[in-house]
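Trainee: I would like to take a close look at one part of this model with you. Could you walk me through it step by step?

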Amino acid sequence: MIRRFRCSGCGRYHNELPDCLVPYKHYEAEAISGVIDGVVTSDDLDSEDYPCVYTMLLWIRWFTGNLERIEGYLRSVAYELSDYDQEVLYSQVPLLESIRHRSPCWLEQIIRSVYNSGGFLLPVYY
């Protein structure tokens with residue numbers, strides 16, 4: 001179920017992205033993060049619905065192509081949540097890496113933060 005909200009400012013409707021979905025992807029976020037982390041490879045035949053090698057390469061390319069964009073969105077959200085503390089903006093510690101090491105559902109958290117704050121990630125071009 002996808003929840004819809006109406007903005008009190010502009011009056012437009014907005015959809016809330018559930019944790020398990022990644023926009024424009026046909027697999028769940030858990031499968032995609034497994035490929036990005038190197039846990040799921042082309043040798044894994046645990047599931048009859050595993051992605052092909054080409055799909056896995058596209059996911060990795062999509063993720064690496066959006067690294068700077070993701071980091072920027074995460075810093076923006078953290079900046080707002082920290083009551084505009086500028087240390088968040090100029091910190092040398094990558095927020096993406098700290099989230100990846102802290103949470104097994106890191107991709108779901110990142111995607112939710114990016115898209116539910118009005119941002120987007122670029123698609124992969126073939």
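Which cysteine sulfur is closest to the sulfur of cysteine 7, and why is there no bond between them?

Mentor: Happy to help! First, a word on the basis: this is a predicted model, where local features need pLDDT of at least 70, side-chain atom pairs count only at pLDDT 80 or more, and totals for chains, interfaces and linings use all residues. Residues are numbered from 1 along each chain as its sequence is written, and side-chain values use heavy atoms, with hydrogens and water left out.

Now to your cysteine. The closest cysteine sulfur to that of cysteine 7 belongs to cysteine 10, and because the two are 3.6 Å apart, they are too far from each other for a bond. A disulfide is a pair of cysteine sulfur atoms within 2.5 Å, and the structure holds 0 of them.

Next, the surroundings. Cysteine 7 is partly exposed, at a relative accessible area of 29%; here buried means under 20%, exposed over 50%, and partly exposed in between, with a 1.4 Å probe and protein chains only. Cysteine 105 is also partly exposed, at 39% relative accessible area.

While you have the model open, turn to the loop between helix 3 (67-81) and helix 4 (87-90), where aspartate 83 sits. Helices are DSSP runs of H or I with at least four residues, numbered from the N terminus. Aspartate 83 is not a glycine, yet its phi is positive, about 55 degrees, and this residue is exposed, with a relative accessible area of 65%. Tyrosine 84 lies in the loop between helix 3 and helix 4 too. Its phi is positive as well, near 65 degrees, again in a residue other than glycine, and tyrosine 84 is exposed at 52% relative accessible area.

Definitions and conventions. Helix = DSSP H or I, 4+ residues; strand = E, 2+ residues; numbered from the N terminus.
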